[in-house]
Amino acid sequence: MRKVLILEDQEETRKALTATVKRVETGAVVFAVGTLEQAYAIAMQHTIHLFLLDIILKPGDKYRDNSGVDFAQNIR
């Protein structure tokens, strides 16, 4: 069973990504979260096979925000 972590701050996009993953991999366990804190907690508790990460999680700071990339580097 594959485990997928989706980190996306926009709820509609998060729902669409979840639906897409479940359509492609019907048996997947999908963790869909909107904050870095939630993503770190799940990544520390589970073996994640695929990460789908939003690069910009702070919309008001979109030209300097790389929090999704930072998450990927920290989790690695």
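Biologist: Which residues make up the largest nonpolar core?

Modeller: In this predicted model, the strands β1 (3-7) and β2 (29-33) and the helix α2 (36-45) each supply at least two residues of the largest nonpolar core. The ten residues of that core are Leu5, Leu7, Phe31, Val33, Ala39, Ile42, Ala43, Ile48, Leu57 and Phe71.

Biologist: Which element gives the most to this core?

Modeller: The elements that each supply at least two residues of the largest nonpolar core are β1, β2 and α2. With three residues, the element that gives the most is α2.

Biologist: How many residues does the other core have, the one among whose members are Val4, Val21, Ala28 and Val30?

Modeller: That core lies apart from the largest nonpolar core, which includes Leu5 and Phe31. Among its members are Val4, Val21, Ala28 and Val30, and its number of residues is five.

Biologist: With which residues is Leu7 in contact, leaving aside its neighbours within four places in sequence?

Modeller: Leu7 belongs to the largest nonpolar core, as do Val33, Ala39, Leu57 and Phe71, and these four are among its contacts once neighbours within four places in sequence are left aside. The complete list of such contacts is Val33, Gly34, Thr35, Leu36, Ala39, Leu52, Leu53, Asp54, Leu57 and Phe71.

Biologist: Where is the place of Gly34, and which residues is Gly34 in contact with beyond its neighbours within four places in sequence?

Modeller: Gly34 has its place in the loop between β2 and α2. Gly34 and Gln10 are 24 residues apart in sequence, with 7.2 Å between their C-alpha atoms. Leaving aside neighbours within four places in sequence, the contacts of Gly34 are Leu7, Glu8, Asp9 and Arg14.

Biologist: What is the distance between the closest N and O atoms of Glu25 and Arg2?

Modeller: Glu25 lies in the loop between α1 (11-24) and β2, whereas Arg2 lies in the segment before β1, so their salt bridge ties together parts that are 23 residues apart in sequence. Glu25 is partly exposed, its relative accessible area being 34%. A salt bridge requires the nitrogen and the carboxyl oxygen to be within 4 Å, and the closest N and O atoms of this pair are apart by 3.9 Å.

Biologist: What is the N to O distance in the salt bridge between Glu11 and Lys15?

Modeller: Glu11 and Lys15 are four residues apart in helix α1, so about one helical turn separates them. Glu11 is partly exposed at 44% relative accessibility, and Lys15 is likewise partly exposed, with a relative accessible area of 48%. Their side chains meet in a salt bridge whose N to O distance is 3.3 Å.

Note on methods:
Residues are numbered from 1 along each chain as its sequence is written. This is a predicted model: local features need pLDDT of at least 70, side-chain atom pairs count only at pLDDT 80 or more; totals for chains, interfaces and linings use all residues. Side-chain values use heavy atoms; hydrogens and water are left out. A nonpolar core is a set of buried Ala, Val, Leu, Ile, Met, Phe, Trp, Tyr and Cys residues joined through side-chain atoms within 4.5 Å. Buried means under 20% relative accessible area, exposed over 50%, partly exposed in between (1.4 Å probe, protein chains only). Contact means heavy atoms within 4.5 Å.
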